[in-house]
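Biologist: I would like a close look at a single part of this model, namely the surroundings of the bound ligand, and then at how the parts of the chain beside that site are built. Please take the time to connect the pieces, since I intend to read the answer with the coordinates open.

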Amino acid sequence: SAHLGVLGGGQLAQMLALAALPLGVRVTVLEPDAQAPARLCADHILAPYTDSAGLDALAACDAVTLEFENVPVAALDALHGRVPVRPGAGLLERSKHRAREKQALSAAGARTAPFVVIEDTAALQGALRAVGGHGILKTSELGYDGKGQRRVSSDHDLGTAWDELGGVPCVLEGLVSFEREVSLGVARTPDGRVAFGPLVENVHRDGILRTSVFPADVPGGVEDAAREQARAVADAWGLEGLMTLEFFQLQGGTLLVNEVAPRVHNSGHLTQDGGGISQFGAQVRAVLGWPVTDWRPLHPCAMVNVVGVAGPDGTPLEPDWAGIDALEGTRVHLYHKDWRAGRKLGHVNLVAPDAAILRARLASLEALIP
Ligand code: ATP
Ligand code: MG
Ligand code: MG
């Protein structure tokens, strides 16, 4: 039986381990938090990512992957040459740094929003005008769930935003007026064969993903265009394993790449219950270097994230679990995390016989989740 190592033991590792087990694959996670979600369903090495005994255990696996992009470079260096790490260090270097990522996307022929790299106050001069007068300043490193970003509409805003973000290296992006956001997973084997996940439509709230829906309600040709861009980036970046692209779809169907996650993605969780292979099953196969087929769901499906929301008095607002159970086609996935405002605690998937019924039930489901 095969053995997969994972740097990080959060909910993505939990769901990876759950998908690996029936494929005859064991999962070992290296994770410094004793309460991390994957602790209950994978072998858990409780140690820092740079712990040498922990890294030795990962090096003894058939392949290693990661569930977040900010693993210490020292950990990757320690594994280099001992075990395949997929995706590899070169791809991570790009995807964890917005400025490098945007430049590497352009080099691969993918379209992005207009952007200016900001590394010092001198670069602020004229930057907003260059991206169209309205923009989003984003830190180049460590941002997620909309953290580390500020919307700006004047040079004064831009100066304030730069200070508020700490004067660290940033990217200023032009504000895109998109029709919808979509995402797409792509897997690539070491010998260059690719497979795709579904094109999924995403709605964010307060910078955090709220709902994902499959199929995305896009103009004809958009899914093929997304696949083409994903294939181009995967080839140019030498992807091994699985990654996910986030896009803005403009009126008329043009796609701009927003960012790339070097892994499975929150928007792909609906594949767990759509009747096909899940993104986690695809990830297991791709990372081990096995053949991968497309993992498009067989049925219309959707996902709603369960995020910690506080009531007016600061206490947790609970989803209506009984109502969720009573709604046909729902499946609950929880991450075994303590409640905290703004924290992703789980998600509810929904499957339906057709797209119209799905959209109707999704509205009911959303009303049950704060
Ligand atoms: P994630 O959790 O997806 O990693 P993140 O913190 O890296 O989030 P982004 O994906 O860059 O942030 O942005 C979060 C959301 O903010 C986007 O999904 C989109 O809704 C909005 N957004 C980001 N950039 C732009 C832009 N240039 N124009 C318009 N909206 C944007
Ligand atoms: Mg991001
Ligand atoms: Mg994003």
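Modeller: What follows begins at the ligand and moves outward through the domains and their sheets. The model is a predicted one, and every value below is computed from it.

The shell around ligand 1 consists of 17 residues, and the closest of them are Tyr144, Asp145, Glu173, Val176 and His204. Two elements give two or more residues each to this shell, namely strand S6 (135–139) and strand S14 (255–261). By class, the shell holds seven charged residues, together with five polar and five nonpolar ones. The domain assignment divides the chain into domain 1 (2–85), domain 2 (114–174) and domain 3 (180–368). Since both domain 2 and domain 3 give residues to the shell, ligand 1 lies between these two domains.

On the domain 2 side, S6 belongs to an open sheet of four strands in the order S5-S8-S6-S7, with antiparallel pairing. Strand S5 (115–118) and S7 are the edge strands of this sheet, each of them pairing on one side only. Between neighbouring strands the average turn is 20°, with direction ignored. Within the sheet, S6 and strand S8 (residues 170–174) run antiparallel and are joined by five bridges, and one bridge can be located from Gly135, whose partner in S8 is Gly174. Helix H5 (residues 98–107) packs on this sheet and touches S5, S6 and S8, its direction making about 50° with that of S8. Helix H7 (residues 155–164) also packs on the sheet, where it touches S5, S6, S7 and S8, and its direction makes about 170° with that of S7.

The loop between S6 and strand S7 (149–152) deserves a separate look, as it contains Leu142. Most residues other than glycine have a negative phi, and most peptide bonds are trans. Leu142, although it is not a glycine, has a positive phi of about 70°. Two peptide bonds elsewhere in the chain can be set beside this. The bond from Phe214 to Pro215 is cis, with omega near 0°, and Pro215 is found in the loop between strand S12 (208–214) and helix H8 (222–236). The bond from Arg86 to Pro87 is likewise cis, with omega near -5°, and Pro87 is found in the loop between helix H3 (73–79) and helix H4 (89–95).

Domain 3, which gives residues to the shell around ligand 1, also has a contact with domain 1, in which 19 residues of domain 1 meet 15 residues of domain 3. On the domain 1 side, the elements that give two or more residues to this contact are strand S1 (2–7), helix H1 (11–20) and strand S4 (63–66). H1 supplies the largest share of that side, seven residues. The same side of domain 1 is made up of 13 nonpolar, three polar and three charged residues. The C-alpha centres of domain 1 and domain 3 lie 23 Å apart.

One helix pair shows the role of H1 in more detail: H1 and helix H9 (residues 279–288) pack with their axes 8 Å apart and at an angle of about 75°, and the two helices are therefore roughly perpendicular to each other. H1 makes this contact through Met15, Leu16, Ala19 and Ala20, and H9 through Phe280, Gly281, Gln283 and Val284. Six of the residues in the contact are nonpolar and two are polar, with no charged residue among them.

Behind H1 stands another open sheet, formed by four strands in the order S3-S2-S1-S4 with parallel pairing. Strand S3 (43–45) and S4 stand at its edges with a single partner strand each, so one side of each is left without a neighbour in the sheet. The twist from one strand to the next averages 25°. S1 and S4 pair in the parallel sense over four bridges, and Leu7 stands opposite Leu66 in S4. H1 packs on this sheet by touching S1 and strand S2 (25–30), and its direction makes about 160° with that of S2. Helix H2 (residues 52–59) packs on the sheet as well, touching S1, S2, S3 and S4, and its direction also makes about 160° with that of S2.

How values were computed: Residues are numbered from 1 along each chain as its sequence is written. Chains are lettered from A and ligands numbered from 1 in the order in which they are written. This is a predicted model: local features need pLDDT of at least 70, side-chain atom pairs count only at pLDDT 80 or more; totals for chains, interfaces and linings use all residues. A residue is near a molecule or strand if its C-beta atom, placed from the backbone, lies within 6 Å of it. Ala, Val, Leu, Ile, Met, Phe, Trp, Tyr, Cys and Pro count as nonpolar, Asp, Glu, Lys and Arg as charged, and the others, Gly among them, as polar. Domain bounds come from an automatic or database domain assignment. Two residues are in contact if their C-beta atoms, placed from the backbone, lie within 7 Å. Two strands pair if DSSP finds at least two bridges between them. Axes are lines fitted to C-alpha atoms, for helices over the stretch in contact, and angles run from 0 to 180 degrees between N-to-C directions. Angles under 35 degrees count as roughly parallel, over 145 as roughly antiparallel, 65 to 115 as roughly perpendicular and the rest as oblique.
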